[in-house]
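Here is a friendly note to read alongside the structure. Have a look at the picture first, and then follow the points in order.

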Amino acid sequence: MKVSTALCSAALGVGLGTLLLPGAALADTTVSPATTPVGGTVVLTATTCNPKSGDALFRVTGPNRDQNVRSTTAAAGGGLSAELFTAGFTLGTYTVAATCGDGSSAGTATFTVTPIGGAPAGSGGDDRDTGALAAGGALLGTALAGAVILIRRRRPVSTVA
């Protein structure tokens, strides 16, 4: 492999890793509780959204839902939150994707709607975007490994006389 090709690959890996890691590490959306009976209430929270940047928009999708929930309520721990009443929801798992008022993603989380008298409420769902975080870490690690190999190859070989 040519050195220039390897350097381009390493630079691309470092660039992609740099782009993917910060967004995934900072995005944080939670749903509490993670499990609720039909007719229960869940609290959606986007902790990285700045209330001064505008409303947070929570998109709820699942077996019988594709709806948006807008929030202007400041959460106690920071960010924005909204309450969602699950009356009329079909049993199953729902995904919540949050977008901050400045257009940035605040990540995703899931919650499950169970029958009344079903499973007890959970402690809160936190489903960070670990896929992007893992991909960014893998790209960064690959780029560093490639750089180490290139540095070792370019060192002059000493001869013993």
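1. Let us begin at one glycine. Leaving aside its neighbours within four places in sequence, Gly54 touches Leu80 and Gly101. Gly54 sits in the loop between β3 and β4. Is Gly54 buried or partly exposed? Its relative accessibility is 25%, so Gly54 counts as partly exposed. You can also look from Gly54 towards Ser71: the two are 17 residues apart in sequence, and their C-alpha atoms are 9.0 Å apart in space. Please keep in mind throughout that this is a predicted model.

2. Now for the overall layout. The protein has 2 helices and 10 strands. Reading from the N terminus, the order of elements is α-β-β-β-β-β-β-β-β-β-β-α. With that order in mind, the individual strands should be simple to find.

3. A few totals describe the protein as a whole. It has 161 residues, and 30% of them count as buried. About 9300 Å² is exposed, and carbon and sulfur atoms supply 60% of that area. Among contacts with a separation of 6 or more, 64% come from residues that are 24 or more positions apart.

4. Which strands make up the open sheet, and in what order? There are 5 of them, arranged β2-β9-β8-β4-β5, with mixed pairing. At the edges are β2 (35-37) and β5, each of which pairs on one side only. From one strand to the next, the twist averages 25°. As background for viewing any sheet, side chains in a regular strand alternate between its two faces.

5. Strand β4 is a good place to trace the pairing inside this sheet. On one hand, β4 (residues 56-62) runs antiparallel to β5 (residues 65-71), and 7 bridges join them. These two strands form a hairpin, with 2 residues between them. To find the register, start at Val60, whose bridge partner in β5 is Gln67.

6. The other partner of β4 to look at is β8 (residues 92-99), which pairs with β4 in the antiparallel sense over 5 bridges. Two positions help to line these strands up. Leu57 has Thr99 as its bridge partner in β8, and Phe58 stands opposite Ala98 in that strand.

7. Strand β3 also has pairings worth following. Strand β1 (residues 29-32) and β3 (residues 41-46) are antiparallel and are joined by 4 bridges. Here Ser32 stands opposite Val43 in β3. Strand β3 is also joined to β7 (residues 80-85), again antiparallel, by 6 bridges. In that pairing, Thr41 stands opposite Phe85 in β7.

8. How many disulfides does a search of the whole structure find? There is 1. In general, a disulfide is a covalent bond between the sulfur atoms of two cysteines. Here the partners are Cys49 and Cys100, with their sulfur atoms 2.1 Å apart. The pair links distant parts of the chain, 51 residues apart: Cys49 is in the loop between β3 and β4, while Cys100 is in the loop between β8 and β9 (105-114).

9. Two further details of this disulfide deserve a look. The torsion about the S-S bond of Cys49 and Cys100 is about -85°, so the disulfide is left-handed. Are its cysteines buried or exposed? Buried means under 20% relative accessible area. Cys49 has a relative accessibility of 2% and therefore counts as buried. Cys100, with a relative accessible area of 6%, is buried as well.

10. The last stop is the aromatic rings. The count comes to 3 aromatic pairs. One of them is Phe89 with Phe111: the ring centres are 6.4 Å apart and the planes meet at 45°, so the pair is tilted. This pair links distant parts of the chain, since Phe89 is in the loop between β7 and β8 and Phe111 is in strand β9, 22 residues apart. Both Phe89 and Phe111 are buried. Ring pairs link Phe89, Tyr94 and Phe111 into a cluster.

Terms used
Residues numbered from 1 in each chain as written. Predicted model: local features only at pLDDT ≥ 70, side-chain atom pairs only at ≥ 80, totals over all residues. Heavy atoms only, no water. Pairing = 2+ DSSP bridges. Axes fitted to C-alpha atoms, helices over the stretch in contact; angles between N-to-C directions. Buried < 20%, exposed > 50% of the residue type's maximum accessible area, 1.4 Å probe, protein only. Contact = heavy atoms within 4.5 Å. Areas by Shrake-Rupley, 256 points an atom, 1.4 Å probe, with all protein chains shown as cover. Disulfide = S-S within 2.5 Å. Phe/Tyr/Trp six-rings, centres within 6.5 Å; stacked < 30°, edge-to-face > 60°.
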